[in-house]
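Here is a short set of exercises to work through with the model open beside you. Try each task first, then follow the solution step by step.

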Amino acid sequence: MSESIPLAKPELGSREEELVLEVLRSGRLSLGPMGERFERAFTEWLGVEDAVAVSSGTTGLHLGARALGWGPGDEVLTSPFSFVASANCLLYEGAQPVFCDVDPLTLNLDPEAAAGAVGERSAGILPVHIFGYPAAMPELEALAAKHDLGLLEDACEALGAVDSEGRKVGSRGHLATFAFYANKQMTTGEGGMVVPADAAVAARLRSERNQGRAADLGWLDHGALGFNYRLSDLAAALGVAQVEKLTEMLSARERVAGMYAERLARVECLEAPPAARGAERRSWFVYPVRLGEGTDRDATIARLAERGVASKAYLPCIHLFPHLRELGYREGQFPVAEAASAHSLALPFFPSLSEAQVDRVCQELAAALGQGPIRE
Ligand SMILES: Cc1ncc(COP(=O)(O)O)c(C=O)c1O
């Protein structure tokens, strides 16, 4: 059988090795200069004032929820079509996620649905830029301003995306979080970054990620409740190397998405993910295709696996996980999200995916769907 094609693959090279070695030889494995260097490089790339490195996207979201003061009795409007961490970060603090359905095209929180769900206990909005498609930030910002709600952007899948006003996701001046797990647009193995809303929030994030230590306190002095959410300098070294080639890696992802779109246009009963509209720019994170209603998605995944092509059901709706059902959520509440969830699957997607590999994935997919070969 031909070589199997994985779902994701990080781009790691000699620059990553060089910088990791630099940290190893320095003996400064945590809270050293590489961490600061990574924060500076990221800040510059995104065009923001500051950014705080943390141990994961999840821990970044948790600190973001705390910085906004969300807690027991507070409700936060968010998307059910997301990775579970965007709701869990609220539960950690005793706040309640209030799910609202998503827009059928972008699969992001629908601002109208969110407006309809605002209630007396609403304290915030947590939009997720799902699959790298920018959420409707101007509309959600207006809604937040109207009702005096805090905003925390889950940009974990959207580094490099640009919104409808031409602004990079995460640069609009409120809290935003990014994630660097190995399948992301850039990776540190595990890791995340929080863009703070202002200098006071930045100081709080830096203290809370570091056991509540204040900048001027000693190692065993803790000024407030904190966590160990630090990013190691080894991970930061990967981050510095990855930021250096981030623009290039994003272009490569866009190229791969283009190759898929061209071929999949000739496959029936399948919808490719939408390209962005107007000033928007999608940051290609995964390549999720949507199968027709009558197609057995799980059987398609199994058939692809038999042919050496990895794929994955993407994404399960988070309101249907057991710990969210305990809050009363059920099937049928968010039909747009649930339909997307039931019929989508992610195909292999990474910057070094070759044209021949994309060809093979598409041909195998057509065959798995019972269709003949895709012709020129
Ligand atoms: C939308 C979204 N939110 C949050 C996270 C959490 O990031 P991490 O896995 O780094 O904790 C992810 C990562 O998979 C994600 O895709």
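**Exercise 1: Cysteines**

C100 has a relative accessibility of 2% and so counts as buried, where buried means under 20% relative accessible area, exposed over 50% and partly exposed in between, with a 1.4 Å probe and protein chains only. Before going on, note that this is a predicted model, in which local features need pLDDT of at least 70, side-chain atom pairs count only at pLDDT 80 or more, and totals for chains, interfaces and linings use all residues. Residues are numbered from 1 along each chain as its sequence is written, and side-chain values use heavy atoms, with hydrogens and water left out.

Task: Find how many disulfides the model has.

Solution.
- Step 1. Start from the rule: a disulfide is a pair of cysteine sulfur atoms within 2.5 Å.
- Step 2. Applied to this model, the rule gives zero disulfides. For C100, the nearest cysteine sulfur belongs to C317 and is 13 Å away.
- Step 3. Now try C362. Its closest cysteine sulfur is in C269, at 16 Å, which is too far for a bond. C362 is buried too, with a relative accessible area of 0%.

**Exercise 2: The ligand**

Task: Work out which residues come nearest to the ligand, and which of its atoms meet polar side-chain atoms.

Solution.
- Step 1. Count a residue as near if one of its heavy atoms lies within 4 Å of the molecule. There are 14 residues around the ligand, and G57, T58, D154, E157 and K184 come nearest.
- Step 2. See which element gives the largest share of this shell: helix 3 (residues 57-67), with three residues. Helices (H or I, at least four residues) and strands (E, at least two) are DSSP runs, numbered from the N terminus.
- Step 3. Look at the side chains. An N or O atom of D154 is 2.7 Å from a ligand nitrogen. A ligand oxygen is 2.8 Å from a polar side-chain atom of K184, and a ligand oxygen is 2.6 Å from an N or O atom in the side chain of E157.
- Step 4. Check the cover. Taken alone, the ligand exposes 390 Å², and the protein buries 91% of that; these areas come from the Shrake-Rupley method with a 1.4 Å probe.

**Exercise 3: Backbone surprises**

Task: Identify which residues other than glycine have a positive phi, and locate a cis peptide bond.

Solution.
- Step 1. Recall the usual case: most residues other than glycine have a negative phi, and most peptide bonds are trans.
- Step 2. Go to L31, where phi is near 55°. L31 sits in the loop between helix 1 (14-26) and helix 2 (33-46) and is partly exposed, at 40% relative accessible area.
- Step 3. Move on to Q211, which has a positive phi of about 60°. Q211 lies in the loop between helix 7 (199-208) and helix 8 (233-244), and at 29% Q211 is partly exposed as well.
- Step 4. Finish with the bond from Y314 to L315, which is cis, with omega near -10°. L315 is placed in the loop between strand 10 (312-313) and helix 11 (322-325).

**Exercise 4: An arginine in a loop**

Task: Is R172 buried or exposed, and which side chains does R172 contact?

Solution.
- Step 1. Place R172 in the loop between strand 5 (150-154) and strand 6 (175-179).
- Step 2. Read its accessibility: at 10%, R172 counts as buried.
- Step 3. List the partners. Polar contacts join the side chain of R172 to that of D163 at 2.6 Å and to that of E165 at 2.7 Å. A polar contact is a pair of N or O atoms within 3.5 Å; within protein, one must be able to donate a hydrogen and the other to accept it, and residues adjacent in sequence count only if both atoms are side-chain atoms.
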